[in-house]
Amino acid sequence: MKRLLQYLFRKPVIWLANKFSSRPESRLVFSSLSQLQESILNGKKEKGPLLSCTPENARFVIFSDQHKGGGDAADDFVPSRDNYLKALAWYYGEGYTFINLGDCEELWESTPARVIEQHRSSLLEEARFLQQKRYYRIFGNHDLEWNYLIPRNQFLKPIFGDDLKVYEGLILEIPYNKALYRILLTHGHQGDLHSDGNAFSKWFVAAIWTPIQRFLDIRINTVSDSFDLVDLHNIVLYEWTLQQPRTILVTGHTHKPVFASLDHIDRLTKQLERAVQEGNEELATRLKADLAKRQAEYAGKQIVKTMARPAYFNTGCCCFSDGDITGLEIAEGFIRLIKWEEGERKVLEESPLYYLFEQL
């Protein structure tokens, strides 16, 4: 009976989802991000904490979009699991605070119980950071259920304990040159009515839509499947920062690393052009290999753009098909785009925080 119902209803439900899922409209994205920022600044702690630090003592690692699933062939996290565990062990030993920026679990395709069962080791590694008060968790659209007390207490509390809180975002407030600068961190799905509407729509996605997807075995992820939309979404998020003085935005969601408002493919392309012009054959060869690898990941990318104001960053994801994971570090007065490949940490890009602040 289940297979019959899946056959009958899968296509109509996918059609409805595609028809009514919203594209990243600037008006909606801007309004949602601004409301989140104001709520945190006004002390609404349920929305997220306001953390103060100096460039010298800031020590954060930011990962997102693990999409821990059911441990089967459809679980995008499986190829990256060992890499992820090695990365967390290193950051724990180095004294970093871990900001987990949403879509940590894939609850659109798997049940919470199944995910917890399959990825207990990764979750326990995350929980070690919380035990040292060095862990912040943000919800995304694919793990929206953690925004609600009952599933959070039922499934996460036995692993993380009573101290776990799940937020929509957080703000780092950093003084520089007699002014305060903000780094707003959130998953980045804001403005998508499919998962970021009013309280009813959020409840509907978590309580109704997600179980329907599970039952019908529907995997809809327009953000990761449509790279034009990915670029459009990053552009809209970047454009929000143009209206925010002394503010940097850090998100995940698009699965595509962005550093200082330029996506990594654009930056590799520019670096390759410069290496060729300077006759640096060794560097050019390495950049060509890196560029080919990332172009394979982002096949279908159409839009090429330059965003001049270095106010937008994206972590990328922890579920690349080759097992690599990307993320951001804020440490030693720098912000860095990093990649972990086969258990080894590589710095892809870095910039002093003071340089960014002076451009805002």
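**Group meeting: sheets, rings and buried polar residues in a predicted model**

The protein chain exposes about 16,100 Å², and carbon and sulfur atoms supply 52% of that area. I should say at once that what we are looking at is a predicted model, and everything that follows is to be heard with that in mind. Of the 360 residues in the protein chain, 56% are buried, and the secondary structure comes to 12 helices and 14 strands. If we take the contacts between residues at least 6 apart in sequence, 76% of them join residues that are at least 24 apart.

Let me begin with the sheet that has 7 strands. It is an open sheet with mixed pairing, and its strands follow the order β5-β4-β3-β2-β12-β13-β14. Which strands stand at the edges? They are β5, residues 166–167, and β14, residues 344–352; each has a single partner strand, so one side of each is left without a neighbour in the sheet. Further in, strand β12, which covers residues 325–331, pairs with strand β13, residues 334–341, in the antiparallel sense over 7 bridges, and within that pairing I330 stands opposite I335 of β13. Helix α3, residues 81–93, packs on this sheet, where it touches β2 (59–63), β3 (97–100), β12, β13 and β14, and the direction of the helix makes about 140° with that of β13.

I turn now to strand β6, which spans residues 169–176 and is mostly covered, given that 6 of its 8 residues are buried. Strand β1, residues 50–52, runs parallel to β6 and is joined to it by 3 bridges, with S52 standing opposite E173 in β6. How many bridges join β6 to strand β7? There are 8, and here the two strands run antiparallel, β7 being residues 179–186; as one example of the register, L172 has I183 in β7 as its bridge partner. β6 and β7 form a hairpin with 2 residues between them, and N177, which is in the turn, has a positive phi of about 55°. As a general reminder for reading such strands, the side chains of a regular strand alternate between the two faces of the sheet.

Two polar residues in helices deserve a word. Q37 is found in helix α2, residues 26–41, and because its relative accessibility is 2%, against a limit of 20%, Q37 counts as buried. Once its neighbours within four places in sequence are left aside, Q37 is in contact with I171, R182, L184, W240, Q244 and T247. The other residue is N234, which lies in helix α9, residues 227–241. Is N234 buried or exposed? At 1% relative accessibility N234 counts as buried, and its C-alpha atom is separated by 8.5 Å from that of Y312, although the two residues are 78 apart along the chain.

The last topic is the aromatic rings. A pair of such rings is described by the distance of the centres and the angle of the planes. The count of aromatic pairs in the model comes to 18. One of them is the pair of W90 and Y91, which is edge-to-face, with 5.0 Å from centre to centre and 85° between the planes. W90 counts as partly exposed, at 30% relative accessibility, whereas Y91 is buried, with a relative accessible area of 0%. Another edge-to-face pair is formed by F259 and F313, at 5.1 Å centre to centre and with 90° between the planes. F259 lies in strand β9, residues 258–259, and F313 in strand β11, residues 312–314, so this pair ties together parts that are 54 residues apart in sequence. Both partners count as buried, F259 at 2% relative accessibility and F313 at 0%.

Ring pairs also link F63, F77, Y84, W90, Y91, Y92, Y96, F98, F129, Y135, F160 and W340 into a cluster. Which charged residues sit over rings of this cluster? The charged end of K68 sits over the ring of F77, 6.0 Å from its centre, and R134 lies over the face of Y92, at 4.8 Å from the ring centre.

Methods
Residues are numbered from 1 along each chain as its sequence is written. This is a predicted model: local features need pLDDT of at least 70, side-chain atom pairs count only at pLDDT 80 or more; totals for chains, interfaces and linings use all residues. Side-chain values use heavy atoms; hydrogens and water are left out. Helices (H or I, at least four residues) and strands (E, at least two) are DSSP runs, numbered from the N terminus. Buried means under 20% relative accessible area, exposed over 50%, partly exposed in between (1.4 Å probe, protein chains only). Rings of Phe, Tyr and Trp (its six-membered ring) pair if their centres lie within 6.5 Å; planes under 30 degrees apart count as stacked, over 60 as edge-to-face and the rest as tilted. A charge sits over a ring if NZ of Lys or CZ of Arg is within 6 Å of the ring centre and within 35 degrees of the ring normal. Two strands pair if DSSP finds at least two bridges between them. Contact means heavy atoms within 4.5 Å. Axes are lines fitted to C-alpha atoms, for helices over the stretch in contact, and angles run from 0 to 180 degrees between N-to-C directions. Accessible areas come from the Shrake-Rupley method with a 1.4 Å probe; for residues, only the protein chains shown count as cover.
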